[in-house]
Amino acid sequence: MILEARAVSKRFGGVSALDRVSLGVREGEVLGIMGPNGSGKTTLFNVLTGLLRPSAGEVLIDGRSARGQPPHRIARMGIARTFQNLRLFPGMTTTENVLCGAHGREDVSVLGNLLPRPGRAASAAAERRRAEDLLREVGLGDRIDVYASALSYGQTKRLELARALNMQPRVLLLDEPTAGMNDAQAAVLLGLVRRLQRARGLTLVVIEHNVPALIWLADRIAVLDSGEVLVDTTPDAAASDPRVIEAYLGRDAVPA
Amino acid sequence: MRGALLFLLAVGAVAAVPHAVSSRYWLHVANLSLIYVPLAIGANVITGYCGMVSMGQAAFFGIGAYTSALLTMRLGVPWPVAFVAAGLMAGAAGAVLALPCLRVRSDFLSLITIAFNQLFLVVANAWLSLTRGPMGLPQVPRMEILGWTVRTEGQIFTVVATVAILCAWATTRLAASPVGRSWEMIRDDEVAARALGVNVVRGKLAAFAVGCTLAGLAGSLLAHSLRLVVPDAFLLDESLLIMQMAILGGLASVPGSVLGAFLMVGLPEALRSSDPWLLTYRPGIFGALLVAAMIWRPQGLLGARRAAPPFLRGASDALRRTLRLSPRHSTP
Amino acid sequence: MDAGYLLAQLVNGLAIGSVYALIGVGYSMVYTILYLINFAHGDVIMFGTMAALALMGFGVPAWAALAAGCLVGAGLGMVVERVAYRPVRNAPRTVPMISALGAGLVVSSVAQGIWGPDVMSFPQLIPRGSVELAGVALPVQPLAILAVALALVAIGSAVLELTRWGRATRCVCQDMMAAQLMGIPVNRLVPAIYAVGGLIGVAGCSLFAMYFNAVWVQMGQLATTKAWAAAMLGGVGNFYGAFAGGLLLGVAEALAVAAFGSLFKDGASLAIIVAVLLLRPNGLFGTPVVARS
């Protein structure tokens, strides 16, 4: 397992958001996570990336405990993520946004950047080229050096994907990559995700509401309900599991 | 190429102005404004680039001034060494002060810096054996660089303008580097910055220390060009003025800070004799400008060359959304 | 140092601490609800106190002048909310903080235009001097100030505990999200909170002015640090905590002065701010605030 939650619980006050969740993802695998709203999916991501500390249990990266590690260190260990409600930097250009993903491998000391150093210009140019290549790879080749605030919604999703890829992550967590998209847009984006996964051998954990899409994309599916892992199995088995159907019907019965 | 051209232009101006301007008074006004350039740029690094607020920059200005004056007077240290030491001392003081706050509640930094400014004044006024208290340190030696003694206002202009240009150049360079980018990430979205591997505490600490270092360097310039260091030059009002230069001149814009320093030091200085009314109400006028700027033009005078950063644009958007209730708690 | 002197210092400390607490309530409530350090508060309450003094100068009875001053503080607090907070309330927290600071500068500048920069004396509505109690001389004025402050806190807590408005406010202080979900009109409470902070603050500031027999335009700045040290010590957002924090700060200052001389009075508040930040960022009595992200 590259990334694993072991018996992770998270409580907010009296509310239990995660209850002894154990889940892991192997190298090169695509783990799909589904579950009704409020079932703890995003909380799980926040715990896995260190933004929240688990109330009990622990997160392991390469089998080693990440207990007490701050988010930035977990990110540098190769755990990248996107956000459900997008967290781009709208005041920066697309290219600059992607360059933000390179932070972990750049020299960020004040003196180091003030003093002359041979090769700095060359490595900055290389980073820039890499960022532009990534933009082309996600289909934003015609939006290089445009302000991020000028992008369409679908394009911002791609930009966030490119930024996360620029971290050269060992595991990439995607939190509802198709949220707010219509079916056609969603299909195109998930197609891109799958193409990138195949081409780069990415390890993915994907939260997704669209059940058929997830079954198509994932190697394994875990279903969360009320903070517990209901099912952790193959996509086909998950699709026919009566508990899954019930959990989803339960959600559909309540008007959003 | 453009950089080299600008550099040549600047050098030309520094060399030419003392010869072209014959009025000692105008040179003095220009010098005073130029001393505030590193201060305004430093405040801009803290507020404009990194999104923090320091209301105690005058204390770091003062630490630089006292450090430089005392080193040259008591220990006979050459001015260039004392100048660097003034910057380092102020930067170190800033880092030590800010670290505990940044680790726990960085939104209290503004308070901590106010408290620090007041404490600095208490110490400067009371530690008679070191600072001579309210009487201050008179007869601070002139600046001297490799045997060249800086005497006239024109010569002072050459030195302070050179320092101001170097500070502007260094900050521009930093802002364009990965450090500057990490500051903007922290300013615009701390959660995203963390998820991208940015050590937020370290980044904020670096920005704060750089801002305080620049203030310390300005302190050394002040001490050796006025040749007098008194506690009253570093009041809390001075801190607020420095902050306003950065904000009204243009956040995240080095040219904006230069403009801010000239407008807010030079202009009132120039008008001092003609209009005392303006001087009485100066804080109020600038205060009203601050409120107006936050509502209508949070990027300041020159800060709009790129799309306004979201932490500023929020303000103008807010006008349109005034009547709608939106949650202030956002979850990551 | 004899016991009588120490006791007198203790009473002085409690009195001045209760004043810090009254001034701090306004900062503390606004911060708790809006995550905003309202830098205009100190200048608003200074203005109210100045207004009360001016009215007394025109021959208005002291009680009426003080009541009017409190109302001026409340009204000015609401004006600041309307002009400098509401238009930018959805912006990141740096923006309203700076606009509040700007509003404070306007208020103090206007005050300076009207009353000038000099320190003025404040009428001694409560006599100085001391009473003998069980063989110990106790200063009258600090005791009376403490009593007035305690009475105001009692009224304040009665309002918080018994009225609908008070319950809503306490609810919002504890958990704004939950309060919004429960249908409490948070945005209608905000101006009221500015007003109450101004009202109580002017009362505290007047007692402060009486105690030191001094009132001046720049006193708002001084109040900021002291009141915040008090609020942080007790835990920001906790009405009773802020009061306890104020008393502790006052006593700590008085003892620091007694032990090391007056230089260390202001040092005590800075030391307390830093120590609390390091050791107990939620104050001595505060409950942990969920970190905003």
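These legends accompany close-up views of a predicted model with chains A and B.

**View 1. Strand β1 of chain A pairs with strand β2 of chain A.** β1(A) covers residues 3-12, and β2(A) covers residues 15-25. The two strands run in the antiparallel sense. Seven bridges join them. One bridge partnership links A:Lys10 to A:Leu18 in β2(A). A:Arg11 stands opposite A:Ser16, also in β2(A).

**View 2. A hairpin turn connects β1(A) and β2(A).** Two residues lie between the strands. A:Gly13 sits in this turn. The phi of A:Gly13 is positive, about 60°.

**View 3. β1(A) also pairs with strand β4 of chain A.** β4(A) spans residues 56-61. Five bridges hold this pairing, again in the antiparallel sense. A:Arg6 has A:Glu58 in β4(A) as its bridge partner.

**View 4. Chain A meets chain B.** Each chain is represented in the contact: 28 residues come from chain A and 28 residues from chain B. On the side of chain A, three elements give two or more residues: α2 (71-76), α3 (94-100) and α4 (110-114). The largest share, four residues, belongs to α2(A). What is the make-up of the chain A side that touches chain B, in nonpolar, polar and charged residues? It divides into 13 nonpolar, nine polar and six charged residues.

**View 5. Helices α8 and α10 of chain B cross.** α8(B) holds residues 178-188, and α10(B) holds residues 200-226. Their axes come within 10 Å. The crossing angle is roughly 110°. An angle from 65 to 115 degrees counts as roughly perpendicular, so α8(B) and α10(B) are roughly perpendicular to each other. The crossing of α8(B) past α10(B) is left-handed.

**View 6. Side by side, the residues where α8(B) and α10(B) meet.** α8(B) brings B:Val179, B:Ser182, B:Trp183 and B:Ile186. α10(B) brings B:Val200, B:Gly203, B:Lys204, B:Ala206 and B:Ala207. Six residues of this contact are nonpolar, two are polar and one is charged.

**View 7. Residues 304-332 of chain B have pLDDT under 50.** For chain B as a whole, the mean pLDDT is 83. In that chain, 87% of residues reach 70 or more. Over residues 304-332 of chain B, pLDDT stays under 50. The model has 58 contacts beyond four places in sequence for this stretch. Where pLDDT is low, predicted coordinates should not be read in detail.

Note on methods
Residues are numbered from 1 along each chain as its sequence is written. Chains are lettered from A and ligands numbered from 1 in the order in which they are written. This is a predicted model: local features need pLDDT of at least 70, side-chain atom pairs count only at pLDDT 80 or more; totals for chains, interfaces and linings use all residues. Two residues are in contact if their C-beta atoms, placed from the backbone, lie within 7 Å. Ala, Val, Leu, Ile, Met, Phe, Trp, Tyr, Cys and Pro count as nonpolar, Asp, Glu, Lys and Arg as charged, and the others, Gly among them, as polar. pLDDT is the predictor's confidence in each residue, from 0 to 100. Axes are lines fitted to C-alpha atoms, for helices over the stretch in contact, and angles run from 0 to 180 degrees between N-to-C directions. Angles under 35 degrees count as roughly parallel, over 145 as roughly antiparallel, 65 to 115 as roughly perpendicular and the rest as oblique. A crossing is left-handed if the near helix is turned anticlockwise from the far one by less than a right angle, and right-handed if clockwise. Two strands pair if DSSP finds at least two bridges between them.
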